Amino acid sequence: ASKGEGLGNQFLTNIRETDAIVHVVRAFENDDVVHVAGKVSPIDDMEIINTELILADMKTVERSLEKNQKLLNANKPEGKIAESALTDLLSHLNEGLPSRSFSRDSKQDEVIKNLFLLTDKPMIYVANVDDHSMESAEITSAREMAENNQSSFVVINGKLEAEMADFDEDEKIIILEDYNLKETGLNTLIKEAYNT
């Protein structure tokens, strides 16, 4: 996407217009469902998307630094503030860190907010699991990675959710108890989205 391949630029433009990003990663094995990378690894999928978003943000910051040169040439004080904020932010992004984890004061925040950076948006990771991967070490690692990216993490058993869609409320309660769940994954995601 960062190279403009496929629907890359169109895809990134659509994301820029959102208030938050929900990133669904596959965490289940199924020979009938092909994975583009040939193997199921939620961590790898999370890293690939994070890298794409960071690369797109780096281009945005670099373009903004170029435009800011006019303000610097005119000795405008806002040019110096922007130069400092954007240079520091670019270094932060170069370390593979999202913009949302960049410490900034109110003046720097004003400069950065105007860029509508993708990694400045809140992120919710959703792991689509099956019965076997629900409590796996890979899910624990993915949850830790989300927390390190200052993001939320929700686990959903998509197949179970689809099966429960046609059941009445009493049947849903019985199934949730069988899986030791308090509520459906969809309800958990809805609440997390509102909190975010």
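These exercises with worked solutions concern a predicted model of one protein chain.

**Exercise 1. The chain as a whole**

Find how many helices and strands the chain has, and the order in which they run.

Solution.
- Step 1. The chain contains eight helices and three strands.
- Step 2. Read from the N terminus, the order of elements is α-β-α-α-α-β-α-β-α-α-α.
- Step 3. Of the 196 residues in the chain, 40% are buried.
- Step 4. Among contacts with a separation of 6 or more, 63% join residues 24 or more positions apart.

**Exercise 2. The two sides of helix H5**

Determine which residues of H5 are buried and how they are placed around the helix axis.

Solution.
- Step 1. H5 covers residues 137-148, which makes 12 residues. The distance from its first C-alpha to its last is 16 Å, close to the 16 Å expected at 1.5 Å a residue.
- Step 2. A residue is buried when its relative accessible area is under 20%. In H5 this holds for Ile139, Ala142, Met145 and Ala146.
- Step 3. Viewed down the axis of H5, these buried residues lie within an arc of 120°, so they line one face of the helix.
- Step 4. A general rule fits here: an α-helix has 3.6 residues a turn, so residues three or four places apart point the same way.
- Step 5. Ala137, Glu147 and Asn148 are exposed on the other side of H5.
- Step 6. The cover over the buried residues of H5 includes helix H2 (42-73), strand E2 (123-128) and strand E3 (152-156).

**Exercise 3. Two residues of H2**

For Met46 and Asn50, state whether each is buried or exposed, and list what each touches.

Solution.
- Step 1. Methionine 46 lies in helix H2, and asparagine 50 is found in helix H2.
- Step 2. Methionine 46 has a relative accessible area of 0%, so it is buried. For asparagine 50 the value is 12%, so asparagine 50 is buried too.
- Step 3. Leaving out residues up to four places away in sequence, methionine 46 touches His23, Val25, Tyr125, Ala142, Met145 and Ala146.
- Step 4. With neighbours within four places in sequence set aside, asparagine 50 is in contact with Met123, Tyr125, Met145 and Asn149.
- Step 5. Methionine 46 and valine 25 are 21 residues apart along the chain, and their C-alpha atoms are separated by 7.1 Å.

**Exercise 4. The two sides of helix H3**

Work out which residues of H3 are buried, and which elements cover them.

Solution.
- Step 1. Helix H3 (residues 77-94) has 18 residues, which should span 26 Å at 1.5 Å a residue; the end C-alpha atoms are 26 Å apart, so the two values agree.
- Step 2. The buried residues are Gly79, Ala82, Ala85, Leu86, Leu89, Leu90, His92 and Leu93.
- Step 3. Down the axis of H3 they fall within an arc of 155°, so they line one face of the helix.
- Step 4. Pro77, Lys80 and Asn94 are exposed on the other side of H3.
- Step 5. H2 and helix H4 (106-113) are among the elements that cover the buried residues of H3.
- Step 6. Just after H3, glycine 96 has a positive phi of about 80°.

**Exercise 5. Positive phi without glycine**

Describe where Phe116 and Gln150 are placed and how exposed each is.

Solution.
- Step 1. Phenylalanine 116 is not a glycine, yet its phi is positive, about 50°. The loop between H4 and E2 holds phenylalanine 116.
- Step 2. Its relative accessibility is 53%, so phenylalanine 116 counts as exposed.
- Step 3. Glutamine 150, also not a glycine, has a positive phi of about 55°. The loop between H5 and E3 holds glutamine 150.
- Step 4. At a relative accessible area of 48%, glutamine 150 is partly exposed.

**Exercise 6. The largest pocket**

Identify what lines the largest pocket.

Solution.
- Step 1. The volume of the largest pocket is about 440 Å³.
- Step 2. It is lined by 20 residues, and the closest to its centre are Met134, Glu135, Arg143, Val155 and Leu181.
- Step 3. H5, E3, helix H6 (158-164) and helix H8 (185-195) each give two or more residues to the lining.
- Step 4. E3 gives the largest share, four residues.
- Step 5. By class, the lining has nine nonpolar, six polar and five charged residues.

Definitions and conventions:
Residues are numbered from 1 along each chain as its sequence is written. This is a predicted model: local features need pLDDT of at least 70, side-chain atom pairs count only at pLDDT 80 or more; totals for chains, interfaces and linings use all residues. Side-chain values use heavy atoms; hydrogens and water are left out. The expected span of a helix is 1.5 Å times one less than its number of residues. Buried means under 20% relative accessible area, exposed over 50%, partly exposed in between (1.4 Å probe, protein chains only). The arc is that of the directions from the helix axis to the C-beta atoms. Contact means heavy atoms within 4.5 Å. On a 1 Å grid over the protein atoms alone, a cavity is a set of points where a 1.4 Å probe fits but cannot get out, and a pocket is an open set with protein on both sides within 12 Å along at least five of seven lines; lining residues have an atom within 4 Å of a point. Grid points are joined across faces, edges and corners, and a volume is the space filled by probe spheres set on the points. Ala, Val, Leu, Ile, Met, Phe, Trp, Tyr, Cys and Pro count as nonpolar, Asp, Glu, Lys and Arg as charged, and the others, Gly among them, as polar.
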